[in-house]
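Visitor: I'd like to poke at a protein model with you. Could you put it up on the screen?

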Amino acid sequence: TEEECSKYAESGAVWWVFSEEDHAPVDAMCIPGDIASCSTEGTAGGGNSGGSGGNGGEGGGGYVVEQQRSEECSDGIDNDGDGWADCADSDCRNNANCIYKTCNSDANCNLPAGERCLSYGNHNESFCLTDNVKPTIGTVSIYETKYPTLLFILLTPERSDNISPRSYLTYKVCTILVGTDPAEKCNNYPENYHNANEAWDISVDGSDELYEANLTPGSTYTFYVTLVDQAGNVADIRSITTTTPETLGEGARCYTDADCQAGLDCIHYNTWVYGDGYPDHICANDTTPPTVGTMSIYDPEVYPTLIFIEFDPSPTDDISPGWAIHYAACVIEVGVDPDDKCDNYPLNYSDAPRASDISSQGKDYAFVYPLNPSTEYKIYATLLDESGNYATPIQSDTVITPGPQPEGSICYAPGNDAGCEAGLVCRDNPSIHRYTCQRP
């Protein structure tokens, strides 16, 4: 079985070999090495890489089997291919050459001797180690400059260090705006260097990807990049110079409003034009408000302090996708607030979050909170797109919230005790994975 194969491989013994015809295990002999040739004994012979026929059997049915190698702990080679060699590999934890003092902080180590408490390789613990070796970084290049205010920087090959895991290595960048900043601005590390932003929306195998934002369109920059390990050793500094594009016209893909020409906003587009798996933004002049369907109250009896609003159909916009436009609501407490309280948007309107715990095909939901139990309200709601266009506010029917609820009733959230009868509190009920009114 596959489980048996793994067991034998981990023990350093021979791998099982299966016949091609019936997948039954047969006896085998494997020669240790990165790739082991196997020959069968007393069975149909192994052709190709399977060895010679057994007892005169014809060739065929052999396999090339990869032999799992264990880490040698003093040859400077990553024998088992896990990215770490010798003592940096946790497989060597108990090797005589790799016995180090464990620690929780530098205070546990011999600081006068240069020891620091450092994470080491793929170990799950820290050790008192001396590290005077600087990390290494690859050559620096510009991946793309399609955005006037943002560009991506590649370092190839990826960062490496003799001790520190990748997550303990920090890129630092110093940026010079040519013609504005002094040429010597980046000469004295760490002065004027900041932590680099690691890119999330590109992937180049074997490279590290960084990005610099808030750049000026149509400007020339020089970027100085280095790498610092957890002991404070600094890699050789690399630099590169490039010029950002001018501001972009309508329909161009953008990152922020500053990428776009005057009069245009950088907003979500309602289709995935570029097809790279990430939301698209384009420069656009959007003056058309979104549309909002009819509004009604959904299940007002559930929570005394919260009301769900139902919109049918779901909202639409000429540019922005539905998830990029936002509801706002204004609440009138009948008999307390003036009737004209909600007449002038955005005065007295606040964000009405979309409801995530109810769903209905073709409809949309938002909620208003906190409200008072046993109280009469009127709700006004509108929809706002990314350019600030808003739909004409619409009004709900008058609604009266339920009174405080008895023990065991569903309530909105911990601390929302106003929705429960006197003497009860709203807290988690693990048995039903909801919040309920309970005795303290």
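What follows is a chat about folds, cores and rings.

Guide: Quick ground rules: this is a predicted model, where local features need pLDDT of at least 70, side-chain atom pairs count only at pLDDT 80 or more, and totals for chains, interfaces and linings use all residues. Residues are numbered from 1 along each chain as its sequence is written, and side-chain values use heavy atoms, leaving out hydrogens and water.

Visitor: How many strands does the protein have?

Guide: Helices (H or I, at least four residues) and strands (E, at least two) are DSSP runs, numbered from the N terminus. Next to one helix, the count of strands is 28.

Visitor: What share of the 440 residues is buried?

Guide: Buried means under 20% relative accessible area, exposed over 50% and partly exposed in between, with a 1.4 Å probe and protein chains only. Of the 440 residues, the buried share is 40%.

Visitor: Which strand gives the most to the largest nonpolar core?

Guide: A nonpolar core is a set of buried Ala, Val, Leu, Ile, Met, Phe, Trp, Tyr and Cys residues joined through side-chain atoms within 4.5 Å. The largest has 18 residues, with I153, L155, Y171, L210, F223 and V225 making the most contacts inside it. At least two residues each come from β10 (150–156), β11 (170–177) and β15 (220–228). With four residues, the top supplier is β15.

Visitor: How many residues are in the second, separate core?

Guide: Its members include M295, Y327, V368 and V399. The size of that second core is 17 residues.

Visitor: How many aromatic pairs turn up in the whole structure?

Guide: Rings of Phe, Tyr and Trp (its six-membered ring) pair if their centres lie within 6.5 Å; planes under 30 degrees apart count as stacked, over 60 as edge-to-face and the rest as tilted. Searching the whole structure gives 18.

Visitor: What kind of pair do F308 and F367 make?

Guide: Their ring centres are 6.2 Å apart and the planes sit at 70 degrees, so the pair is edge-to-face.

Visitor: And how many residues apart in sequence are the parts that F308 and F367 tie together?

Guide: F308 counts as buried at 5% relative accessibility, and F367 does too at 15%. F308 lies in strand β20 (residues 307–312) and F367 in strand β23 (residues 364–368), so the parts tied together are separated in sequence by 59 residues.

Visitor: Which residues do ring pairs link into a cluster?

Guide: F308 and F367 belong to it, along with five tyrosines. The full cluster reads Y298, Y303, F308, Y365, F367, Y369 and Y412.
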